[in-house]
Amino acid sequence: MAKATPFAETARLLLLRPTPEIRDTLFRWLKDPELTRYVGGVRDDDKIVRTVEFVLQSWETVGFGKCILIDKLSAQVVGMAGVTPLEFEKTRVNDLGYLVDAPYAGKGYATEACLEVLKQAFERHKLERVTAWPDARNAASIRIAQKLGLQFVRELNLTYLGMKFEGQHLYEVTRAQWLAKTARD
Ligand SMILES: CC(C)(COP(=O)(O)OP(=O)(O)OC[C@H]1O[C@@H](n2cnc3c(N)ncnc32)[C@H](O)[C@@H]1OP(=O)(O)O)[C@@H](O)C(=O)NCCC(=O)NCCS
């Protein structure tokens, strides 16, 4: 982890480009029934390997993607957050994803990391729109999306990395909405 390239930082966190060593961390997180409760459940090994490839690939193709979050004080890995391009209903979207490991939850890390991720997405990478699709039962995740300024669009079902998701809530924020929000805050 220490060799990964810094992408950005916040008051408490370093956001790092992941290296292939992320594999072990993703195996730990994606085999955890609680952490995966609203993100498709405990993942089979082959799906975790696909997830690792997916996480690393966007950095190669577009130069951004999911970041590893490191707590500056403790140097511990606390989670992952980032925007990843993917194909959805034959359209390319920029999907915001976030995960904070259980010992670090409830401290505002996901919100803090995602605010910086969105800043980078809109101001550095000039994206026009960012989406997220939290499970409708994932109240903490929906709260985060709303705090970030994403707005509910509609319900959706989708297949992602070979997994079926039903009853997701599609949220999005446009570049114009983001700029208006940051001017207000
Ligand atoms: C969901 C998750 C990302 C939250 O991370 P976190 O660092 O604890 O999030 P934050 O502290 O930044 O913000 C959580 C917000 O949700 C609120 N919240 C937490 N549990 C809640 C609940 N059951 N109902 C309503 N709101 C809730 C918190 O109070 C906080 O809002 P506030 O700042 O207004 O008080 C983390 O628990 C996680 O990774 N879960 C597993 C993976 C996952 O579900 N990822 C989301 C995929 S879309």
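Reader: Which residue follows H4, and what is the sign of its phi?

Author: In this predicted model, the residue that comes after helix H4 has a phi near 100°. That residue is Gly149, and the sign of its phi is positive.

Reader: Which residues of H4 are buried, and why are they said to line one face of the helix?

Author: The buried residues of H4 are Ser141, Ile144 and Ala145. When one looks down the axis of H4, these buried residues fall within an arc of 100°, and therefore they line one face of the helix. As a general point, an α-helix has 3.6 residues a turn, so residues three or four places apart point the same way. The arc asked about for H4 is thus one of 100°.

Reader: What covers the buried residues of H4?

Author: The cover includes two elements with residue ranges 129-132 and 163-174, which are strand E6 and strand E8. It also includes a further strand and a helix, so named in full the cover of H4 includes E6, E8, E5 and H3.

Reader: Which element gives the most to the shell around the ligand?

Author: Of the 21 residues around the ligand, those that come nearest are Ala110, Thr111, Ala139, Ala140 and Arg143. The elements that give two or more residues to this shell are strand E5 (91-100), helix H3 (109-124) and helix H4 (139-147). With five residues in the shell, the element that gives the most is H4.

Reader: How many residues of the shell around the ligand are nonpolar?

Author: The residues of this shell divide into three groups, of which the charged group has two residues and the polar group has five. The number of nonpolar residues in the shell is 14.

Reader: Which element gives the most to the largest nonpolar core?

Author: The largest nonpolar core has 41 residues, and those with the most contacts inside it are Leu69, Ala81, Tyr98, Ala113 and Cys114. Tyr98, leaving out residues up to four places away in sequence, touches Ala81, Ala110, Ala113, Cys114 and Ile144. With eight residues in this core, the element that gives the most is H3.

Reader: Which elements do the buried residues of H1 pack against?

Author: Helix H1, which covers residues 22-30, has Ile22, Trp29 and Leu30 as its buried residues. Seen down the axis of H1, these fall within an arc of 85°, so they line one face of the helix. The elements that they pack against are helix H2 (45-61), strand E3 (66-71) and E5.

Reader: Is Val55 buried or exposed?

Author: Val55 lies in helix H2, and its contacts, once neighbours within four places in sequence are left aside, are with Pro18, Ile22, Gly65 and Lys66. Because Val55 has 22 C-beta neighbours inside 10 Å, and a residue needs 20 or more to be counted in this class, Val55 is buried.

Reader: How many helices and strands does the protein chain have, and what is its radius of gyration?

Author: From the N terminus on, the elements run β-β-α-α-β-β-β-α-β-α-β-β-α, which comes to five helices and eight strands. The globule rule gives 16 Å for 185 residues, and the protein chain is close to that value, so it is as compact as a globular protein of that length. The radius of gyration of the protein chain is 15 Å.

Reader: What percentage of the residues in the protein chain is buried?

Author: Among contacts with a separation of 6 or more, 55% are accounted for by residues 24 or more positions apart. Of the 185 residues in the protein chain, the buried ones make up 31%.

Technical notes. Residues are numbered from 1 along each chain as its sequence is written. This is a predicted model: local features need pLDDT of at least 70, side-chain atom pairs count only at pLDDT 80 or more; totals for chains, interfaces and linings use all residues. A residue is near a molecule or strand if its C-beta atom, placed from the backbone, lies within 6 Å of it. Helices (H or I, at least four residues) and strands (E, at least two) are DSSP runs, numbered from the N terminus. Ala, Val, Leu, Ile, Met, Phe, Trp, Tyr, Cys and Pro count as nonpolar, Asp, Glu, Lys and Arg as charged, and the others, Gly among them, as polar. The radius of gyration is taken over C-alpha atoms; the globule rule is 2.2 Å times the number of residues to the power 0.38. A residue is buried if 20 or more other C-beta atoms lie within 10 Å of its own, exposed if 12 or fewer, and partly exposed in between; C-beta atoms are placed from the backbone. Two residues are in contact if their C-beta atoms, placed from the backbone, lie within 7 Å. The arc is that of the directions from the helix axis to the C-beta atoms. A nonpolar core is a set of buried Ala, Val, Leu, Ile, Met, Phe, Trp, Tyr and Cys residues joined through C-beta atoms within 7 Å.
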